[in-house]
Amino acid sequence: LQVLEDIQKWEDKAKLAISKGREDLARAALQEKRSLEEELAVVEAEPFFNRSRVRLSKLRNNSTGQGRI
């Protein structure tokens, strides 16, 4: 996945910045890395939440008598 490559690139940039004594740039790179990791977590969790919403909707329909013949 491209996002995983981007996460690794930001980590590499942070390490390079530290090696050059640029803690400010390392912090910025790590912030970018964290942002991508958070976005990835949301995308990965989305199918779980969608399935849960479908199940919840079905349960609601069944408990209110909707969806029954």
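This is a tour of one predicted model, taken one selection at a time.

**Before you start**

Residues are numbered from 1 along each chain as its sequence is written, and side-chain values use heavy atoms, with hydrogens and water left out. Because the model is predicted, local features need pLDDT of at least 70 and side-chain atom pairs count only at pLDDT 80 or more, while totals for chains, interfaces and linings use all residues.

**Stop 1: the whole chain**

Show the chain as a cartoon. There are two helices and zero strands. Both terms refer to DSSP runs, numbered from the N terminus: a helix is H or I with at least four residues, and a strand is E with at least two.

Now switch to a surface. The chain exposes about 5900 Å², and carbon and sulfur atoms supply 56% of that area. Accessible areas come from the Shrake-Rupley method with a 1.4 Å probe, and for residues only the protein chains shown count as cover. Of the 69 residues, 12% count as buried. Buried means under 20% relative accessible area, exposed means over 50%, and partly exposed is in between (1.4 Å probe, protein chains only).

**Stop 2: helix H1**

Select residues 2-19, which form helix H1. H1 has 18 residues and reaches 26 Å from its first C-alpha to its last, close to the 26 Å expected at 1.5 Å a residue. The expected span is 1.5 Å times one less than the number of residues.

Which residues of H1 are buried? They are Ile7, Ala14 and Ala17. Turn the view to look down the axis of H1: its buried residues fall within an arc of 85 degrees, so they line one face of the helix. The arc is that of the directions from the helix axis to the C-beta atoms. An α-helix has 3.6 residues a turn, so residues three or four places apart point the same way. On the other side of H1, select Lys15, Leu16 and Ser19, which are exposed.

Next, select glycine 21, which follows H1. The phi of glycine 21 is positive, near 80 degrees.

**Stop 3: tryptophan 10**

Go back into H1 and select tryptophan 10. Tryptophan 10 counts as partly exposed because its relative accessibility is 26%. Leaving aside neighbours within four places in sequence, tryptophan 10 is in contact with Ala29, Glu32, Lys33 and Leu36. Contact means heavy atoms within 4.5 Å.

Now add alanine 28 to the selection. Tryptophan 10 and alanine 28 are 18 residues apart in sequence and 9.1 Å apart in space, C-alpha to C-alpha.

**Stop 4: lysine 33**

Select lysine 33, found in helix H2 (residues 23-63). Is lysine 33 buried or exposed? At 16% relative accessibility, lysine 33 counts as buried. Outside its neighbours within four places in sequence, lysine 33 is in contact with Ile7, Trp10 and Glu11.

Then show the side chain of glutamate 37. Lysine 33 and glutamate 37 meet in a salt bridge (3.5 Å, N to O). A salt bridge is a side-chain nitrogen of Lys or Arg within 4 Å of a carboxyl oxygen of Asp or Glu. Both residues lie in H2, four residues apart, about one turn of the helix. Glutamate 37 is partly exposed, with a relative accessible area of 34%.

Add Glu11 and Lys15 to the view: Glu11, Lys15, Lys33 and Glu37 are linked in a network of salt bridges. How many salt bridges does the structure hold? The structure holds five.

**Stop 5: the start of helix H2**

Select glutamate 23 and arginine 27. These residues form a salt bridge, the closest N and O atoms being 2.5 Å apart. Both lie in helix H2, four residues apart, about one turn of the helix. Glutamate 23 is partly exposed, at a relative accessible area of 45%, whereas arginine 27 is exposed, at 55%.

Finally, select aspartate 24, also in helix H2, together with arginine 22. Their side chains meet in a salt bridge (2.8 Å, N to O). Aspartate 24 counts as partly exposed at 46% relative accessibility, and arginine 22 counts as partly exposed at 38%.

To finish, draw a distance from aspartate 24 to alanine 14. The two are 10 residues apart in sequence and 9.4 Å apart in space, C-alpha to C-alpha. Alanine 14 is one of the buried residues of H1 from the second stop.
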